[in-house]
Amino acid sequence: MQQSRHANEMAQRFREMVESTGDSLNEKHYDELRLIIESGLDAALVEAMEKIAGRLEEVAHEIKHSAETVN
């Protein structure tokens, strides 16, 4: 999935930023960060899909209404 790849890239970039200052974190923390990022991306995707589904329902209703008035 794209979200996993993006989450990995973002966590890796964060790791680079942390390590460039001479600091470090436990690998477990980076794993948790990846999960948090991926969850956020998934939530945003679901929200976008819900909006699209709602719009599709509206369009389907409009089409049905138009078809009924034509007959």
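A polar contact here is a pair of N or O atoms within 3.5 Å; within protein, one must be able to donate a hydrogen and the other to accept it, and residues adjacent in sequence count only if both atoms are side-chain atoms. Keep that in mind for the stops below.

Some ground rules before you start clicking. This is a predicted model, where local features need pLDDT of at least 70 and side-chain atom pairs count only at pLDDT 80 or more, while totals for chains, interfaces and linings use all residues. Residues are numbered from 1 along each chain as its sequence is written, and side-chain values use heavy atoms, with hydrogens and water left out.

**Stop 1: the whole chain**

Show the cartoon. You'll find two helices and zero strands in the protein chain (helices are DSSP runs of H or I with at least four residues, strands are runs of E with at least two, and both are numbered from the N terminus). Helix α1 takes in residues 2-20, and helix α2 covers residues 27-70.

Now switch to the C-alpha trace and turn it around. Along its principal axes the trace spans about 75 × 20 × 15 Å. The radius of gyration is 21 Å, whereas a compact globule of 71 residues would have one near 11 Å (the radius is taken over C-alpha atoms, and the globule rule is 2.2 Å times the number of residues to the power 0.38).

Colour by accessibility next. Of the 71 residues in the protein chain, 11% are buried (buried means under 20% relative accessible area, exposed over 50%, and partly exposed in between, with a 1.4 Å probe and protein chains only).

**Stop 2: Arg15**

Select Arg15, which sits in helix α1. Arg15 counts as buried because its relative accessibility is 15%. Which residues does Arg15 contact, leaving aside its neighbours within four places in sequence? They are Glu27 and Tyr30 (contact means heavy atoms within 4.5 Å).

Take Tyr30 first. Arg15 lies over the face of its ring, at 4.1 Å from the ring centre (a charge sits over a ring if NZ of Lys or CZ of Arg is within 6 Å of the ring centre and within 35 degrees of the ring normal). Don't go hunting for ring-ring pairs, though: the whole structure has zero aromatic pairs (rings of Phe, Tyr and Trp, the last by its six-membered ring, pair if their centres lie within 6.5 Å; planes under 30 degrees apart count as stacked, over 60 as edge-to-face and the rest as tilted).

Then look at Glu27. The side chains of Arg15 and Glu27 share a polar contact of 2.7 Å. This pair is also a salt bridge, with the closest N and O atoms 2.7 Å apart (a salt bridge is a side-chain nitrogen of Lys or Arg within 4 Å of a carboxyl oxygen of Asp or Glu). Arg15 is in helix α1 and Glu27 in helix α2, so the bridge ties together parts that are twelve residues apart in sequence.

**Stop 3: Glu27 and Arg34**

Stay on Glu27, which is partly exposed at 38% relative accessibility. Glu27 has another partner to show: Arg34, in a salt bridge of 3.1 Å, N to O.

Click on Arg34 itself, in helix α2. Is Arg34 buried or partly exposed? Arg34 counts as buried, because its relative accessibility is 17%. Not counting residues up to four places away in sequence, Arg34 touches Ala7, Asn8, Ala11 and Glu27.

Add Glu19 and Asp31 to the selection. Together with Arg15, Glu27 and Arg34, they are linked in a network of salt bridges. For the full list, a search of the whole structure finds nine salt bridges.

**Stop 4: along helix α2**

Move to Leu45, in helix α2. Leu45 is partly exposed, at 39% relative accessibility. Draw a distance from its C-alpha to that of Thr69, 24 residues apart along the chain, and you get 36 Å.

**Stop 5: Arg55 and Glu58**

Finish on Arg55, also placed in helix α2. What joins the side chains of Arg55 and Glu58? A polar contact of 3.0 Å, and the pair meets the salt-bridge test too, at 3.0 Å from N to O. The two are three residues apart in the helix, so about one helical turn separates them. Both ends get the partly exposed label: Arg55 with a relative accessibility of 42%, Glu58 with 44%.
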